[in-house]
Amino acid sequence: MEMEVQFSNMEYIIYCHNEAIAKEVFDFLMSRGYPVGMSGSQIETGTHGEQAVKRIDVYKKKN
């Protein structure tokens, strides 16, 4: 299921529960030329309550 991103300059928002995997995804996207940002975030899950995660913001590539 893909949810709509609320900002017009963004492609995706990715949440990772594992910091090492978040870093790998971040590095992979950077190597593909995507402008990305990473921050910490709290999310509310339907089954496991509130979780601390790494949030990766993937922005649209400039033409």
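## The two sides of helix α1

A20, E24 and S31 are exposed on one side of α1. Exposed means over 50% relative accessible area, buried means under 20%, and partly exposed lies in between (1.4 Å probe, protein chains only). On the other side, A22, F26 and L29 are buried. These three cover an arc of only 70° around the axis, which puts them on the same side of α1. The arc is taken from the directions that run from the helix axis to the C-beta atoms. An α-helix has 3.6 residues a turn, so residues three or four places apart point the same way. What do the buried residues of α1 pack against? They pack against β1, β2 and β3. Contact here means heavy atoms within 4.5 Å.

Helix α1 covers residues 19-31, 13 residues in total. From its first C-alpha to its last it reaches 18 Å, close to the 18 Å expected at 1.5 Å a residue. The expected span is 1.5 Å times one less than the number of residues. At the start of α1, N18 places a side-chain oxygen within 2.8 Å of the backbone nitrogen of A20. After α1 comes G33, with a positive phi near 90°.

## Basis of the model

This is a predicted model: local features need pLDDT of at least 70, side-chain atom pairs count only at pLDDT 80 or more, and totals for chains, interfaces and linings use all residues. Residues are numbered from 1 along each chain as its sequence is written, and side-chain values use heavy atoms, with hydrogens and water left out.

## Overall layout

The protein chain has one helix and three strands. Along the sequence they follow the pattern β-α-β-β. Helices (H or I, at least four residues) and strands (E, at least two) are DSSP runs, numbered from the N terminus. The C-alpha trace spans about 40 × 25 × 20 Å along its principal axes.

Of the 63 residues of the protein chain, 22% count as buried. Take the contacts between residues at least 6 apart in sequence: 52% of them join residues at least 24 apart.

## The sheet

In which order do the strands of the sheet lie? The order is β1-β3-β2, in an open sheet of three strands with antiparallel pairing. The edge strands are β1 (10-16) and β2 (36-45), and each pairs on one side only. Neighbouring strands are turned by 30° against each other on average, direction ignored. Axes are lines fitted to C-alpha atoms, for helices over the stretch in contact, and angles run from 0 to 180 degrees between N-to-C directions. Strands of a sheet pair through backbone hydrogen bonds, either parallel or antiparallel.

β1 and β3 pair over six bridges, in the antiparallel sense. β2 and β3 do so over 10 bridges. Two strands count as paired if DSSP finds at least two bridges between them. Individual partners can be named. G40 has K54 in β3 as its bridge partner. Q42 stands opposite A52 in β3. E44 is bridged to E50 in β3.

## The β2-β3 hairpin

β2 and β3 form a hairpin, with three residues between them. T45 lies in strand β2. Its side chain reaches two backbone atoms. One is the nitrogen of H48, at 2.8 Å. Another is the oxygen of G49, at 2.9 Å.

## R55 in strand β3

R55 is found in strand β3, residues 49-59. Is R55 buried or exposed? Its relative accessibility is 18%, so R55 counts as buried. Across the sheet, R55 is the bridge partner of Y15.

The side chain of R55 makes a polar contact with the side chain of D57, at 2.6 Å. A polar contact is a pair of N or O atoms within 3.5 Å; within protein, one must be able to donate a hydrogen and the other to accept it, and residues adjacent in sequence count only if both atoms are side-chain atoms. Leaving aside neighbours within four places in sequence, R55 is in contact with M10, I13, I14, Y15, G37, M38, S39 and S41.
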